[in-house]
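Visitor: I would like to go through this model term by term. Please tie each word to its cut-off.

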Amino acid sequence: MKKRVLSGIQPTGSPHIGNYLGALKNWAKIQYDYDSIYCIVDLHAVTTYQNPAELSAKIQELAGILLAIGIDKNSLVLQSRVPEHAELAWLLTCVTPVGWLERMTQYKAKSEAQESIGDGLLQYPVLMAADILLYQADVVPVGDDQRQHVELTRDIAQRFNSLYPEHGETFTMPATHLPTVGARIMGLDDPEKKMSKSEPGAGHSIGLLDPPDPIRKKIMRATTDSKPAVAFDDPGAGVRNLLTIYQAFTESTNEEMRARFSGMRYGDLKKQVAEAVVAGLEPIQKSYREITVEQITEAFNLGSARAEHIAHHTVEKVKRAMGLYTG
Ligand code: AMP
Ligand code: TRP
């Protein structure tokens, strides 16, 4: 029996190279080493208001991108198609102390930026825990910003297992899987901030579907520092981010990176980074243009059918553990 891998991505904004290097590239790489399930988490997206027409277009776009990256059509799941995500989230909500949720860094940042906070924003990590535990995932490949949420998932699983031990362990303990390079890609305009779909600045992120010239322009304008050339052992945040992007796209070793970039002028560094990004995205963009709506519908049908089977089994197990009626 293969171990199971599970991860998710929200269909908000457009996926960028941070999503790709932090998570999606890994998803594709390890998918056949595991029994894999990758979710488009539309129920997470609506924790903050989404324009309905835009949201449905973004779901299609993201599905196309995931298929273009090489995610198997049998592994792609649209979260809202499997009602057990929401059902398990409720059952887990009932074993989760509010204090655990209020401590989440992402919740604190998002709630500070909003006037009125929806309950969904606080519940968000419980829904994520439900995604993971529903499929009894062993491994969760994510970027660094999701590490705390996976830790919380383990805490919730542990608490559930110890509160309801009568039928043995209900949930598998999941482990976080971070990429060795690229777990936290920073904004090109501000290397102190993580690259994010919700940052408005035009020079902040590189979308996976951005054409070559805008990519080159954004990278040439990326914020660096006042030094003239790469100090490889102690680069500033901006230069370090560019080096990371290059290394993650080209899968160069540390030695190759040092030999290539030590002492290189920033202008030349940026040109090389831009070409590596353009070359890395080119095959994805080419496949994306060939993906049809029928292929997306087929993937959602196949993935959801397979997921429903596993999800139903887990929810039955959870209900039995809690003494709820299972028929
Ligand atoms: P999201 O767009 O928030 O749904 O994130 C999808 C995946 O991309 C998650 O695994 C995140 O950890 C990862 N991710 C998001 N932003 C970045 C970033 N700037 N650097 C690395 N990984 C990221
Ligand atoms: N919260 C994650 C993010 O914003 C997305 C997500 C939802 C997820 N469910 C998940 C990631 C389950 C891994 C596993 O990036």
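Visitor: Which residue follows helix 13, and what is the sign of its phi?
Guide: Gly323 comes after helix 13, and its phi is positive, near 85°. This is a predicted model, in which local features need pLDDT of at least 70 and side-chain atom pairs count only at pLDDT 80 or more, while totals for chains, interfaces and linings use all residues. Residues are numbered from 1 along each chain as its sequence is written, chains are lettered from A and ligands numbered from 1 in the order written, and side-chain values use heavy atoms, with hydrogens and water left out.

Visitor: What makes residues 293-322 a helix?
Guide: A helix is a DSSP run of H or I with at least four residues, numbered from the N terminus (a strand is a run of E with at least two). Helix 13 has 30 residues, so it qualifies.

Visitor: What span is expected of helix 13, and what does it reach?
Guide: The expected span is 1.5 Å times one less than the number of residues. For helix 13 that is 44 Å, and the reach from first C-alpha to last is 42 Å, close to the expected value.

Visitor: Why is Gln10 said to be near ligand 1?
Guide: A residue is near if one of its heavy atoms lies within 4 Å. Ligand 1 has 18 such residues around it, and Gln10 is among the closest, with Gly143, Asp145, Ile185 and Lys197. Helix 1 (residues 17-30) gives the most to this shell, with 4 residues.

Visitor: What makes the pair between ligand 1 and Gly143 a polar contact?
Guide: A polar contact is a pair of N or O atoms within 3.5 Å. An oxygen atom of ligand 1 is 2.8 Å from a polar backbone atom of Gly143, so the pair counts. A nitrogen atom of ligand 1 also lies 2.9 Å from a polar backbone atom of Met195. On its own, ligand 1 exposes 480 Å² (Shrake-Rupley method, 1.4 Å probe), and the protein buries 92% of that.

Visitor: Which side chains make polar contacts with ligand 2?
Guide: Polar side-chain atoms of Gln10 and Tyr124 lie 3.1 Å and 2.7 Å from an oxygen atom of ligand 2, and one of Asp131 is 2.6 Å from a nitrogen atom of ligand 2. The protein covers 91% of the 360 Å² that ligand 2 has alone.

Visitor: How many residues surround ligand 2, and which helix gives the most?
Guide: There are 13 residues around ligand 2, and helix 7 gives the most, with 4 residues.

Notes: Polar contact = N/O pair within 3.5 Å; in protein donor to acceptor, adjacent residues only side chain to side chain.
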